[in-house]
Each structure stands twice: as C-alpha cells, then as structure tokens.
Amino acid sequence: PMPRVKGLAFRSVLKALAALRGDEAQERVLAALDEPRSRALRFVVASSWYPIEDYVALWSALQRCTGSDPDFPRLIGRRCIEQDLRLVHKVALSALSVDTVLAISVRLFGNYYDTGSCRAHHAGSGVTRVEFSGCVGFSRDLWMELRGSMECFAEQASKSPATSLLVSGGRDGDPSCVMDLKWRH
C-alpha cells in the first residue's frame, strides 16, 4: 500500500507557513498545486490519512513559492511543534529529561506517518541519536521538517537551544535518516 500522512501534519504545516510568511504565502502554495490536490488540501481533515505523495507535493510547492530555502522546512517543523503543544504539554515536557521527551516524541511518529519507524537513544552528555528507518516516499524537505520538530522537542525539555546534525540519509528518496540532537546539558 502507498504510504500515508495524517491530515494533521498538512494542517500544521499550512498553519505554520501562514504564521511565518502570512496568509498570502499559504494561498500561493495551495494555488501552486494541481487542482485536485489544491482542492483536497483546502479541506483536509486532521484525523484522515492522505497519500505521502500529496505531502511531498505540498512541500515542493511550498519551497517553490517561498524561495527554495533548504532550511525553511526545518523552521516550519519547529513552528509546528511550538503551535501544536498546548501550555499543559509544555509544562509537562519541561519536567522530564530530554531523553524521556525525545522517547515520547518518537512514539508520536506513528501518529503522523503510517510508514517507517523511529527510535531514539542516549548518545552522550547532551546528545541523543534519533534513527528513522523504512520511511518510504520521504523527501529531503520531510527530513528537514522532522529535524526541526525534534530540535523543538529537545528545547522544550532542556530549556536550551538544540541543534540537529545529520549523520546519514535524509536526502530525497532516502528511506532512512540518522541525526544527532545536541543541546546544552
């Protein structure tokens, strides 16, 4: 079966885009899609599943319409987590260790994608290695979005800036990606 992405991911990306670049940017991206996709994404249902090809197409249109900044998907990923976490979640996350928060966040991966898996493990003081595998249909933009999301989770727990370093994979068509998340311990 074709891999799918939860509608919530589409809605979060479009909401983050509007927050970062304005409603006009969101409209330009939707207009840049072919008519059936554009129509479907204007009325996406958060709890429904959509083909990963539609998500890749959304990201491609987003990049074309916003200047093709290779790091912009990472900023969107960060913004998605910031806007999706409610205050109560932020308070709870700040009370847990970074490793625990990242372990929780990798379990959430399956709530957004029905392909692949994700695991995280402690890799040293202030470092967690996150490994994604079996992620059929992923593009570089999806990997960058995930990097930003994971950085934001680490920051919520550590209360310090977090960065991700790509160890392997993470390119267009790669079904796997390994990243190290680093923060001040």
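Let's start with two helices, H2 (residues 23-32) and H3 (residues 35-42), whose axes come within 7 Å of each other and cross at roughly 140°. That crossing makes H2 oblique to H3. Keep in mind as you look that this is a predicted model. Where do the two helices touch? On the H2 side you'll find Glu27, Leu30 and Ala31, and they meet Ser38, Leu41 and Arg42 in H3. Sort the residues of this contact by class and you get 3 nonpolar, 1 polar and 2 charged.

Now compare that with another helix pair, H1 and H4. Helix H4 covers residues 52-66, and its axis comes within 11 Å of the axis of H1, with a crossing angle of roughly 10°. Is H1 roughly parallel or roughly antiparallel to H4? An angle under 35 degrees counts as roughly parallel, and that makes H1 roughly parallel to H4. From H1, the residues in this contact are Ala9, Phe10, Val13, Leu14, Leu17 and Arg21. Their counterparts in H4 are Asp54, Tyr55, Leu58, Trp59, Leu62 and Thr66. By class, the contact of H1 with H4 has 9 nonpolar residues, along with 1 polar and 2 charged ones.

H1 turns up again when we go looking for pockets. The largest pocket in the model has a volume of about 620 Å³. It is lined by 26 residues, and the ones closest to its centre are Ile81, Asp84, Leu108, Tyr112 and Phe153. Which elements give two or more residues to this lining? They are helix H1 (7-21), helix H5 (72-84), helix H6 (87-94), helix H7 (98-112) and helix H8 (140-158). H7 gives the most, with 7 residues. As for the kind of residue you'd meet there, the lining has 18 nonpolar, 5 polar and 3 charged residues.

Next, find the sheet. It is an open one with 4 strands, in the order S3-S4-S6-S5, and the pairing is antiparallel. Strands S3 (117-124) and S5 (162-169) stand at the edges with a single partner strand each, so one side of each has no neighbour in the sheet. On average, neighbouring strands here are turned by 20° against each other, if you ignore direction.

Let's walk across part of this sheet, beginning at the S3 edge. S3 pairs with strand S4 (residues 127-133) in the antiparallel sense, over 7 bridges. You can trace some of the partners yourself: His121 stands opposite Arg129 in S4, His122 has Thr128 as its bridge partner, and Gly124 has Val127. In a regular strand, side chains alternate between the two faces of the sheet. The two strands form a hairpin with 2 residues between them. One residue to look at in the turn is Gly126, which has a positive phi of about 75°.

One step further along, S4 is joined to S6 by 6 bridges, and these two strands also run antiparallel. Here the bridge partner of Val130 is Met179 in S6.

Finally, how do the helices and the sheet come together? Look at H8, one of the helices that line the largest pocket. H8 lies across S4, S5 and strand S6 (177-183), and it runs at about 140° to S5.

How values were computed: Residues are numbered from 1 along each chain as its sequence is written. This is a predicted model: local features need pLDDT of at least 70, side-chain atom pairs count only at pLDDT 80 or more; totals for chains, interfaces and linings use all residues. Side-chain values use heavy atoms; hydrogens and water are left out. Axes are lines fitted to C-alpha atoms, for helices over the stretch in contact, and angles run from 0 to 180 degrees between N-to-C directions. Angles under 35 degrees count as roughly parallel, over 145 as roughly antiparallel, 65 to 115 as roughly perpendicular and the rest as oblique. Contact means heavy atoms within 4.5 Å. Ala, Val, Leu, Ile, Met, Phe, Trp, Tyr, Cys and Pro count as nonpolar, Asp, Glu, Lys and Arg as charged, and the others, Gly among them, as polar. On a 1 Å grid over the protein atoms alone, a cavity is a set of points where a 1.4 Å probe fits but cannot get out, and a pocket is an open set with protein on both sides within 12 Å along at least five of seven lines; lining residues have an atom within 4 Å of a point. Grid points are joined across faces, edges and corners, and a volume is the space filled by probe spheres set on the points. Two strands pair if DSSP finds at least two bridges between them.
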